[in-house]
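Q: Could we go through this structure together? I would like to start with how helices pack.

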Amino acid sequence: MKLRDFCLLFALMALWGLNFSVIKLGVNNIDPLMLTALRFTFAVFPLVLFIKRPNVQWRYLIAYGLSFGVGVWGLTTLSIRLGLSAGMASLLLDMSVVSSLLVGYFVLKESLTLNKLLGAGLALIGLFIIIQADGGAITISGLVLVLLASVCWSVNGVIVKWANTREIFAFNIWGMLFAPVPLVLLSMALNGPSVVTDLVTEFNQSALFSALFQAYPTTLLGYWLWNKMIMKYSISSVAPMTLLVPVFGILGGYWFYDEVISLSQIVAGGLILAGLLISQMTWNGVRLKRSTI
């Protein structure tokens with residue numbers, strides 16, 4: 001990976017990590033699924049009226065919107081409602097580093113270098129330490145949902161690859177068009193129709209700021225860059241960068257909510273960074289590639 005692209009992805013991971021503090025701000029005021037629906041509504045409208053639909057089949061746009069909007073963020077926010085802490089949700093979502101390696105290897109026939117496997121393994125040890133140090137704020141139902149969300153994250157990469165479009169920004173906008181309505185319907189199914197009317201009375205400046213921040217810098221700018229990098233590099237090369245998100249998520253909690261950073265978290269963060277560095281090194285070593293018959 002080029003140094004410039006690495007630095008851009010590093011900055012993006014910082015934005016995504018700090019975004020969890022902004023999400024927490026919004027969730028403290030309104031229903032999480034409705035907040036997520038607002039996020040994608042603001043991200044799509046009115047831009048979709050002025051941006052030409054990319055030259056891809058509708059099935060890729062619909063699949064991306066459902067997988068990204070409902071699969072990743074819908075299931076993640078729902079897992080928090082079912083008892084999984086917000087911090088654990090951000091950490092466990094990074095299990096996509098494992099599913100992305102497997103999806104890239106078995107579905108896209110991408111080669112896996114030994115350093116990518118070693119780097120991912122080292123970083124996952126760091127994630128395990130953080131999870132253990134959290135105090136066990138995990139429920140079975142929440143754990144299952146966020147792990148499914150992490151798989152959906154990997155599926156997004158496959159959808160982008162299969163769509164094979166260079167119109168990344170337009171693809172994001174038109175794909176996310178299919179996220180808000182299913183999210184609202186899911187929220188109504190879980191909470192009843194009153195969740196829509198409650199939004200009118202509960203919506204305030206904090207919720208508005210949270211939704212707008214998630215919609216513009218985090219979603220429009222962030223995922224345009226992310227999908228652009230997926231098109232440029234293999235999924236297994238880009239995916240390990242997401243291991244930086246919980247590092248910045250912890251720092252955001254410290255800065256904005258005075259959350260304590262323990263020694264175990266510092267050690268785990270060091271392991272994650274070391275794993276990321278190893279995975280990005282260029283080695284003329286062993287490559288594991290699935291043979292085709």
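Helix packing

A: The crossing of H2 and H3 is right-handed, meaning that the near helix is turned clockwise from the far one by less than a right angle, whereas anticlockwise would be left-handed. Helices here are DSSP runs (H or I, at least four residues), numbered from the N terminus.

Q: What sort of model is this, and how are residues numbered?
A: This is a predicted model, in which local features need pLDDT of at least 70, side-chain atom pairs count only at pLDDT 80 or more, and totals for chains, interfaces and linings use all residues. Residues are numbered from 1 along each chain as its sequence is written, and side-chain values use heavy atoms, with hydrogens and water left out.

Q: At what angle do H2 and H3 pack?
A: Helix H2 (residues 32–44) and helix H3 (residues 58–81) pack at about 145°, and their axes are 9 Å apart. Axes are lines fitted to C-alpha atoms, for helices over the stretch in contact, and angles run from 0 to 180 degrees between N-to-C directions.

Q: Which residues meet there?
A: From H2, Pro-32, Leu-33, Thr-36, Arg-39 and Phe-40 meet Phe-68, Gly-69, Trp-73, Gly-74 and Thr-77 of H3. Contact means heavy atoms within 4.5 Å.

Q: New topic: how many salt bridges are there?
A: A search of the whole structure finds two. A salt bridge is a side-chain nitrogen of Lys or Arg within 4 Å of a carboxyl oxygen of Asp or Glu.

Q: Which residues does Asp-5 pair with?
A: Asp-5 forms a salt bridge with Arg-4, where the closest N and O atoms are 3.6 Å apart. Asp-5 also forms one with Lys-232, with the closest N and O atoms 2.8 Å apart. Asp-5 lies in helix H1 (residues 3–27) and Lys-232 in helix H11 (residues 205–232), so this pair ties together parts that are 227 residues apart in sequence. Through shared partners, Arg-4, Asp-5 and Lys-232 are joined into one network.

Q: Is Asp-5 buried or exposed?
A: Asp-5 counts as buried because its relative accessibility is 3%. Buried means under 20% relative accessible area, exposed over 50%, and partly exposed in between (1.4 Å probe, protein chains only). Arg-4 is exposed at 63%, and Lys-232 is partly exposed at 45%.

Q: What about Thr-218, and what does it touch?
A: Thr-218 is found in helix H11 and is buried, with a relative accessible area of 1%. Not counting residues up to four places away in sequence, Thr-218 touches Leu-15, Trp-16, Asn-19, Arg-39, Phe-213 and Tyr-223.

Note on methods
Helix = DSSP H or I, 4+ residues; strand = E, 2+ residues; numbered from the N terminus.
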